[in-house]
Amino acid sequence: MGDLGRGFGHLMAGQRWVARHGRWFGFGLLPGLVSLVLYAGALVGLGYGADDLVSWATPFADGWGSPWLGLFRGFLTALLFSLGLFLSVITFTAVTLLIGEPFYESLSEQVDRTEGGEVPESGLSLGRELWISARDSVRLLVRVVCYGIVLFALGFIPVIGQTVVPVIGFCVSGFFLSVELTSVALQRRRAELPERLALLRSHRAMALGFGVPLVLAFLVPLVAVFLMPGAVAGATLMVRELTGAEPAGGDRTDAGPAAGPHQAPPPAAAGGPAPYPAAPPQHGFGPAPAPFQDPRQG
């Protein structure tokens, strides 16, 4: 319960951070608003065109009598729209992070700067960072879809499918949401996707405490847009603890001046973060992780 509470504490600390740094909150809203417009347009278009698409895909049913034709195509239309809605939910964060890569990287850097210590930089070009983000997002999406298919099948088991399986589904979604959000700060630390997965698997309870409440909150329309800046800030704070840049449970979000996105950064403090802690093997969402190593060491 301690790690669960610390994960939730980082989420709340991130929301407090952006509340105190209002210009950064507005700066971080822009990618979410762009994604919202794109997804809303896609869903509206799907809603208007789903009937025609289903009719085109099922020509064999044209000769069916009433009410079977209407019931069959109505069911497929509802299923198609539900699939589109599901895909929009599980891809919204990844697409928003991809669109807002420069915004969220600057926000994450500012969180590191106000908390003190080194401000890591990936040293990669923007194009290279966007490519890595897109590639890793697709890899994570494939994992989520695979888990989703398995959980969907398990959902038909009486009792368990209506009680245990949804809870597991929220936990899986929360874990991978934490992986996606921490990717902003960990990519600046030159951590590849396997290393990021290993790090969060070794602190799975903290990742769940951070991600599951966000999954539940994202079920409410528009909430994801307004929570994204604070979620990125909170993920950066969690990464600082996991990589040894901040004592466990530390909350120094009141440190440092409030700066805007175009303000010149102050000189970084001397010294750097402590080495990444080794990740002990554990079981859970995937194979046991290998020890996490700082890619800048050795």
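The legends below describe close-up views of a predicted model.

**View 1. The largest nonpolar core and its best-connected residues.** This core has 49 residues. Phe-175, Leu-181 and Leu-214 have the most contacts inside the core. Helix H9, residues 223-242, provides the largest share, with 11 residues.

**View 2. Surroundings of Leu-214 within the core.** Leaving aside residues up to four places away in sequence, Leu-214 touches Leu-11, Leu-177, Leu-181, Leu-227 and Ala-231. One of these partners, Leu-181, is also listed with Leu-214 among the residues with the most contacts inside the core.

**View 3. Two spans listed as "transmembrane region" in an unreviewed UniProt entry.** The entry lists residues 24-50, 70-99, 140-161, 167-186 and 207-228 under this heading. Residues 70-99 are 100% helix and 0% strand, and the C-alpha atoms at the ends of the span lie 40 Å apart. Residues 207-228 are 82% helix and 0% strand, with end C-alpha atoms 16 Å apart.

**View 4. The largest cavity and its lining.** The whole structure contains one cavity of 30 Å³ or more. The space in the largest cavity is about 130 Å³. Its lining comprises 13 residues; Leu-97, Ser-133, Ser-137, Glu-180 and Ser-183 lie nearest the centre. At least two lining residues come from each of helix H3 (68-99), helix H5 (126-154) and helix H6 (160-188).

**View 5. Cys-146 and Cys-171.** Cys-146 counts as partly exposed because its relative accessibility is 44%. Cys-171 also counts as partly exposed, at 24% relative accessibility. The structure holds zero disulfides.

Methods:
Residues numbered from 1 in each chain as written. Predicted model: local features only at pLDDT ≥ 70, side-chain atom pairs only at ≥ 80, totals over all residues. Heavy atoms only, no water. Core = buried A, V, L, I, M, F, W, Y, C linked by side-chain atoms within 4.5 Å. Buried < 20%, exposed > 50% of the residue type's maximum accessible area, 1.4 Å probe, protein only. Helix = DSSP H or I, 4+ residues; strand = E, 2+ residues; numbered from the N terminus. Contact = heavy atoms within 4.5 Å. UniProt positions renumbered as here; feature names shortened; annotations may be inferred. Disulfide = S-S within 2.5 Å. 1 Å grid on protein atoms, 1.4 Å probe; cavity = no way out; pocket = protein on both sides within 12 Å on 5 of 7 lines; lining within 4 Å. Points joined across faces, edges and corners; volume = space filled by probe spheres on them.
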